[in-house]
Amino acid sequence: MEEYGGGDLLSEAMGSGACVVVVEDCVEAPAAFVLHLLLKRALAGGGAAAFLSLAQPFSHYDRVLRKMGCNLSLHRKSERLHFFELQAFPGGAREGAIADSFVRLYSEIQRVVEGNRAGENASQFTVIIDDVSLLEVAARGSVNDVLDFLHYCVTLTSEMNCSLVILIHEDIYAGEENMGLLLHLRYIADLVIKAAPLSTGLAADVHGQLSVVNKGMLSEQRPKAQKVWNFHFKVKENGADFFYPGSRH
């Protein structure tokens, strides 16, 4: 059993250098805890982040991350964290103006990324979206507008040397006619982290299983490099435990 930190299974599976990370979950195995861990990791060591929240207000993340030893209020005050509260996005925009709302949102993200890059203490920057399923709802079902927005965000990863983390609820896109957005995200991702319930059912000390597909490693010609990881997790108030099946006794 290893706790999330410098040498845990999730960090090992993720490796380094992934520009686009897609986190998939479902009702039976929510993966918000993965975003919390990745946000804490992004801010560690002087890093910076833009967090696009359509799911919860700032107070929710501040409370959760504080229990994990990360003070978001201080990071926000020091402008290491740029928090976008988007529960009301895109406001009263008419249907034809939704695309304009996405353009303005992207411009704001681009501005903070460029500001971080131009600063005296330039650091690694991470953009986190919680979550793209609600972004589609905000766009009134316009998948094309969402895809255009995500495309521009992906360009930041190459042009500005930053990372993009996206949460999507896989079970919403279970039907073939609704899988376009999910399949596109899997295509553009360097790394896919999927949370799922245990195949054996509920357990008191195990909350689910994580599958991590590191496509960067898949492209490397290293025969001994592990490319697909599968392990269990237990969410705790101050983080999470990751462990291989059968290793907790």
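**Exercise 1. Is G239 buried or exposed, going by its relative accessible area, and what surrounds it?**

Solution. Begin with the basis of the values: this is a predicted model, in which local features need pLDDT of at least 70 and side-chain atom pairs count only at pLDDT 80 or more, while totals for chains, interfaces and linings use all residues. Residues are numbered from 1 along each chain as its sequence is written, and side-chain values use heavy atoms, with hydrogens and water left out.

Step 1: locate G239, which is in strand 10 (residues 239-243); helices (H or I, at least four residues) and strands (E, at least two) are DSSP runs, numbered from the N terminus.

Step 2: apply the cut-offs, by which buried means under 20% relative accessible area, exposed over 50%, and partly exposed in between (1.4 Å probe, protein chains only). With a relative accessible area of 8%, G239 is therefore buried.

Step 3: look for its partners, taking contact to mean heavy atoms within 4.5 Å. When neighbours within four places in sequence are left aside, G239 is in contact with L37 and M68, and its C-alpha atom is separated by 9.3 Å from that of G69, although G239 and G69 are 170 residues apart along the chain.

**Exercise 2. Find where H82 lies, and which residues it is in contact with beyond its neighbours within four places in sequence.**

Solution. Step 1: H82 is in strand 4, a strand that spans 81-85.

Step 2: its contacts, with those sequence neighbours left aside, are A49, A50, F51, V112 and F125. Of H82 and A50 it can be added that they are 32 residues apart in sequence, yet 4.6 Å apart in space from C-alpha to C-alpha.

**Exercise 3. Describe how helix 7 and helix 8 pack.**

Solution. Step 1: two packed helices are described by the angle between their axes and the distance between the axes. Axes are lines fitted to C-alpha atoms, for helices over the stretch in contact, and angles run from 0 to 180 degrees between N-to-C directions.

Step 2: helix 7 (143-159) and helix 8 (residues 180-188) pack at an angle of about 10 degrees, with their axes 11 Å apart. Helix 7 and helix 8 are therefore roughly parallel, since angles under 35 degrees count as roughly parallel, over 145 as roughly antiparallel, 65 to 115 as roughly perpendicular and the rest as oblique.

Step 3: list the residues that meet, namely V143, V146, L147, L150 and V154 in helix 7 with L181, H184, L185 and I188 in helix 8. These divide into eight nonpolar, one polar and no charged, where Ala, Val, Leu, Ile, Met, Phe, Trp, Tyr, Cys and Pro count as nonpolar, Asp, Glu, Lys and Arg as charged, and the others, Gly among them, as polar.

**Exercise 4. Locate the cis peptide bonds that join F89 to P90 and D130 to D131.**

Solution. Step 1: the bond between F89 and P90 is cis, with omega about 0 degrees, and P90 lies in the loop between strand 4 and helix 5 (98-118).

Step 2: the bond from D130 to D131 is cis as well, with omega near 0 degrees, and D131 is found in the loop between strand 5 (125-130) and helix 6 (132-138).

**Exercise 5. Find the loop that holds R140 and the loop that holds N161, and give phi for R140 and for N161.**

Solution. Step 1: R140, in the loop between helix 6 and helix 7, has a positive phi near 55 degrees although it is not glycine, and at 49% relative accessibility R140 counts as partly exposed.

Step 2: N161, in the loop between helix 7 and strand 6 (162-169), also has a positive phi near 55 degrees without being glycine, and at 56% relative accessibility N161 counts as exposed.
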